[in-house]
Amino acid sequence: MRILLVDDEHELVTALSERLEIRGFVVDCAETGNDALDMASKNEHEVAILDVKMPGLSGLMLMERLAKIQPGMRFIFLTGHGCESDYRACEQAGVCSYIMKPVKIDSLVERIREAAAREKGS
Amino acid sequence: MDASIEDGLLPDSLRYFGAMAASISHEIANTLAIINENAGLLSDIALASGKGMPVDPQRVAAVAAKIQGQVLRTDGIVKRMNTFAHRVDEPCASVDLGETVDLVVALSSRIAAMRSVTLEHEKAGPIPLTTSPFLLCSLVYKCLDRAMTAVGKGGKVVLAAKTGDGVVHLVLTGTPEQAHLIGSPFGSDAEKALLGALGASVDSGARTCEILVSVPRDARCAVQRS
């Protein structure tokens, strides 16, 4: 399964992508919204894992743009904030999961599989 | 609760403290997440080694170094948070304006990054003054917040502390220079109260891209506690 991982923290992206790759995922990494849009235009991703607060394009704004490029993409938000208004905004936008950092890898993998399954309608 | 009632009950200084606490906790959540993933990576490597996969010692050392780097980063954040929290201890104390600007800039760095604004502190020598340490931080941040809003995405704010005749000055210069909003007056009741408590004045009207803050070197510290 190919996933898109977007977070402005370089070391988080490198470590988390490696751990997800060990678990069998193909991971495209981006540290800015614009890089993520570029990657989404080149490859199909079943699931995108996005940071909520990022410089430039926020996670929610990025989600809207990504959904236009890949309408089947499902979204998981990974955040250090846990802000009630962000949570509500994600809920209204139909985001599959809203997970607080730090996250347990098994839990994240489970959420990714759940999100992908939803996309397939199962 | 009606939003206007809450507005009246929450002083500006508490909002400032809350904004800083939220930003600091977000930064710590990020460093913890990086530590968590790198520790997890070491665990994955150990697991693979147990299954007969060769382990590269340099790879393990590099991951461990990343963890140490993030522990140091977290230590810096916590120290800044501690320094900031202790700014409310004394209503009147001797502080250094340059150190205060350093602290406010460091605490605001993530907020600035989110707004795609670059901050630069032109450092001078020691600039001691006697005033309310927390309210001084609050004033510097209020000016900085206004300047960041004025310059907008991709802009830059330069902060420079200077000494004058019995007063200290903080000059915030924003680029691009058409950032005229930086010069809007400090007119709200809360802003006037803050300036009054510090004995400070703000000249933001004369030059369109500058805020000039003047604080007496030895203020009488209008806010006293019993």
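**Entry 1: chain B, overall**

I started with the surface of chain B: the accessible area is about 11100 Å², and carbon and sulfur atoms own 58% of that. Accessible areas here come from the Shrake-Rupley method with a 1.4 Å probe, and for residues only the protein chains shown count as cover.

A note to self before going on: this is a predicted model, where local features need pLDDT of at least 70, side-chain atom pairs count only at pLDDT 80 or more, and totals for chains, interfaces and linings use all residues. Residues are numbered from 1 along each chain as its sequence is written, chains are lettered from A and ligands numbered from 1 in the order in which they are written, and side-chain values use heavy atoms, with hydrogens and water left out.

Next I looked up the secondary structure of chain B and found six helices and seven strands. Helices (H or I, at least four residues) and strands (E, at least two) are DSSP runs, numbered from the N terminus. Along the sequence I read the pattern as α-α-α-β-α-β-β-α-β-β-α-β-β.

How much of chain B is buried? I noted 43% of its 226 residues. Buried means under 20% relative accessible area, exposed means over 50%, and partly exposed is in between (1.4 Å probe, protein chains only).

I also checked the contacts (heavy atoms within 4.5 Å). In chain B, of the contacts with a separation of 6 or more, 73% are between residues 24 or more positions apart.

**Entry 2: three spots in chain B**

I went to His121(B), which sits in strand 2 of chain B. His121(B) counts as buried because its relative accessibility is 14%. Its side chain makes a polar contact of 3.0 Å with the side chain of Asp102(B). For a polar contact, the rule is a pair of N or O atoms within 3.5 Å; within protein, one must be able to donate a hydrogen and the other to accept it, and residues adjacent in sequence count only if both atoms are side-chain atoms. Apart from neighbours within four places in sequence, His121(B) touches Gly98(B), Val101(B), Asp102(B) and Leu159(B).

Ser116(B) caught my eye next: its phi is positive, about 55°, although it is not a glycine. I placed Ser116(B) in the loop between helix 4 (97-114) and strand 2 (118-122) of chain B. Is Ser116(B) buried or partly exposed? With 23% relative accessibility, Ser116(B) counts as partly exposed.

Then I looked up Gly174(B), in strand 5 (residues 167-175) of chain B. Gly174(B) has 1% relative accessibility, so it counts as buried. I noted 6.4 Å between the C-alpha atoms of Gly174(B) and Val158(B), which are 16 residues apart along the chain.

**Entry 3: chain A, overall**

Over to chain A, where I counted five helices and five strands. From the N terminus on, they run β-α-β-α-β-α-β-α-β-α. The C-alpha atoms fill a box of roughly 35 × 30 × 30 Å along the principal axes.

Chain A has a radius of gyration of 13 Å, which agrees with the value near 14 Å for a compact globule of 122 residues. That radius is taken over C-alpha atoms, and the globule rule is 2.2 Å times the number of residues to the power 0.38.

I noted that 47% of the 122 residues in chain A are buried. The accessible surface of chain A is about 5600 Å², with 47% belonging to carbon and sulfur atoms. Of its contacts between residues at least 6 apart in sequence, 62% join residues at least 24 apart.

**Entry 4: three spots in chain A**

Which residues of chain B does Glu9(A) contact? Setting aside neighbours within four places in sequence, I found Asn30(B), Ile34(B), Arg73(B) and Arg110(B). The side chains of Glu9(A) and Arg73(B) share a polar contact of 2.8 Å. Glu9(A) lies in the loop between strand 1 (2-6) and helix 1 (10-22) of chain A, and at 9% relative accessibility it counts as buried.

I looked up Leu108(A) in helix 5 of chain A and saw that it is buried, with a relative accessible area of 0%. Beyond neighbours within four places, its contacts are Leu16(A), Leu20(A), Ile49(A), Ile76(A), Ile99(A) and Val103(A).

Last, I checked a peptide bond: from Lys101(A) to Pro102(A) it is cis, with omega near -10°. Pro102(A) lies in the loop between strand 5 (97-100) and helix 5 (105-119) of chain A.
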